[in-house]
Amino acid sequence: MRDILSDIIRSKKEEVEQAKALVSPEALRQEAEAYVRLHPQTRSMRRSLESSATGIIAEFKRRSPSKGWLHPEADPALVAPAYEQAGASALSILTDTPFFGGTLDDLRAARRLVDLPILRKDFVIDPYQLLQARLAGADAVLLIAACLSPGQCRALAAEAHALGLEVLLEVHAEDELACLTPDIDMLGVNNRHLGTFHTDVQNSLRLAESLRRAASRVGEPLLVSESGISSPATIAGLRQAGFRGFLIGEAFMKTARPGETLHAFIQDIQTQSQP
C-alpha cells in the first residue's frame, strides 16, 4: 500500500507555509502571547484521565483516509456537548482538512460549548501550529513520533509547555520511544499504522511493557491507547496492561448520534465492571 503518512506530511508542510503567508509567525506569536496573558489557565487532560473511571477521549472527526467519510455533516456544536454530557473525560478534535475533513473552527466551536480538556489532533511539524492550537482554545496537542526526529519532538514539546499546552506523544513502534522526553505528559500507542492505516489493537498490548520501562525514566507519562477500540472488554484488557486513556473516534462518529453511542458505551463499561 502507498505510504499515506508521506502524503499527509507533504500536504501539511504546504498548509503551514500558506498560513504563514497570511499571518506571519511573529504576528501570530504576539497574538498568542496576548491570549495567554488573558487566559493563562488551561484544563489538564492528564489529570482528567487519571481521575476518570473510564478514561475515554471522545474524538470528533468527519472522515479518515482509509474509511472515507464517516459523518460528513457532523457539527461540533452538537457533538462536543453531547460527548461531555455522555461522560467523556476529554475531547480530541481533528483539525486536518484534506484527509480528515476537520478545521480549527471545529475546535473553536467545541471550546465555546464544553468545559472538558480538548486535544488538537493534527500532524504537528512546526511551532506555528502550537500557536494556532493555543489561540483556538486547545488544552493539549498531539505530537506523532513517526513525523518527527527526537530533536524536533523535544523542541516542540518544550514550546507546547511554554504555551501552557500538555503534550500527548504518539508512537506505533518501540524504536519511536527515542522521542520521549520529560516534557511529555501522556504517552500514546496508535493501534493504526499511519503508513498503511491497518489497525490492530493488540499493538498497545505488545508495546505495554516497553512503554512502562521508558515512561519510568522520564517522569511516568500517563499511557493512552488510540484507535481500533470498539468494546468495553478491550478497555478492560488495556487497563490491566497499564493504560488509563482510551481515544475512540470511529466507533462513535460512524453512528447518527455519537453522543448517544458514547453514553451506551460507558453504561456497558460500568455494567461489566460491577462485581
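Which helices each supply at least two residues of the lining of the largest pocket? I took this up as my opening entry, bearing in mind that the model is a predicted one.

**Entry 1, the largest pocket.** I looked up the volume and found about 320 Å³ for the largest pocket. Its lining is made up of 17 residues, and those closest to the centre are Ala19, Leu104, Arg108, Tyr128 and Gln132. On the opening question, I noted that helix H1 (4–22), helix H2 (25–38), helix H5 (104–113) and helix H6 (127–136) each contribute at least two residues to this lining. Sorting the lining of the largest pocket by class, I counted nine nonpolar residues, with four polar and four charged ones beside them.

**Entry 2, the second largest pocket.** I then turned to the second largest pocket, which holds about 230 Å³ of space. Here 18 residues form the lining, and I recorded Arg192, Gly228, Ile229, Glu250 and Ala251 as the closest to the centre. Strand S10 (245–248) and helix H10 (250–253) each give at least two residues to the lining of this second largest pocket. By class, I found seven charged, six polar and five nonpolar residues in the lining of the second largest pocket.

**Entry 3, H4 against H5.** Since H5 had come up in the lining of the largest pocket, I looked up how H5 packs with helix H4 (residues 76–86), and found an angle of about 45° with the axes 8 Å apart. I therefore entered H4 as oblique to H5. The crossing in which H4 passes H5 is right-handed. On the H4 side I listed Pro76, Ala77, Ala80, Pro81 and Glu84 as making the contact, and on the H5 side Asp106, Ala109, Ala110 and Leu113. The residues of this contact of H4 with H5 comprise seven nonpolar and two charged, with no polar residue among them.

**Entry 4, H6 against H7.** H6 had also appeared in the lining of the largest pocket, and I followed H6 to helix H7 (residues 150–162), where the two axes come within 10 Å and cross at roughly 25°. Because angles under 35 degrees count as roughly parallel, I wrote H6 down as roughly parallel to H7. The handedness of the crossing of H6 and H7 is right-handed. In the contact itself, Pro127, Leu130 and Leu131 of H6 meet Leu156, Glu159 and Ala160 of H7. I closed the entry with the classes for the contact of H6 with H7, namely five nonpolar residues, one charged and no polar.

Notes:
Residues are numbered from 1 along each chain as its sequence is written. This is a predicted model: local features need pLDDT of at least 70, side-chain atom pairs count only at pLDDT 80 or more; totals for chains, interfaces and linings use all residues. Side-chain values use heavy atoms; hydrogens and water are left out. On a 1 Å grid over the protein atoms alone, a cavity is a set of points where a 1.4 Å probe fits but cannot get out, and a pocket is an open set with protein on both sides within 12 Å along at least five of seven lines; lining residues have an atom within 4 Å of a point. Grid points are joined across faces, edges and corners, and a volume is the space filled by probe spheres set on the points. Ala, Val, Leu, Ile, Met, Phe, Trp, Tyr, Cys and Pro count as nonpolar, Asp, Glu, Lys and Arg as charged, and the others, Gly among them, as polar. Axes are lines fitted to C-alpha atoms, for helices over the stretch in contact, and angles run from 0 to 180 degrees between N-to-C directions. Angles under 35 degrees count as roughly parallel, over 145 as roughly antiparallel, 65 to 115 as roughly perpendicular and the rest as oblique. A crossing is left-handed if the near helix is turned anticlockwise from the far one by less than a right angle, and right-handed if clockwise. Contact means heavy atoms within 4.5 Å.
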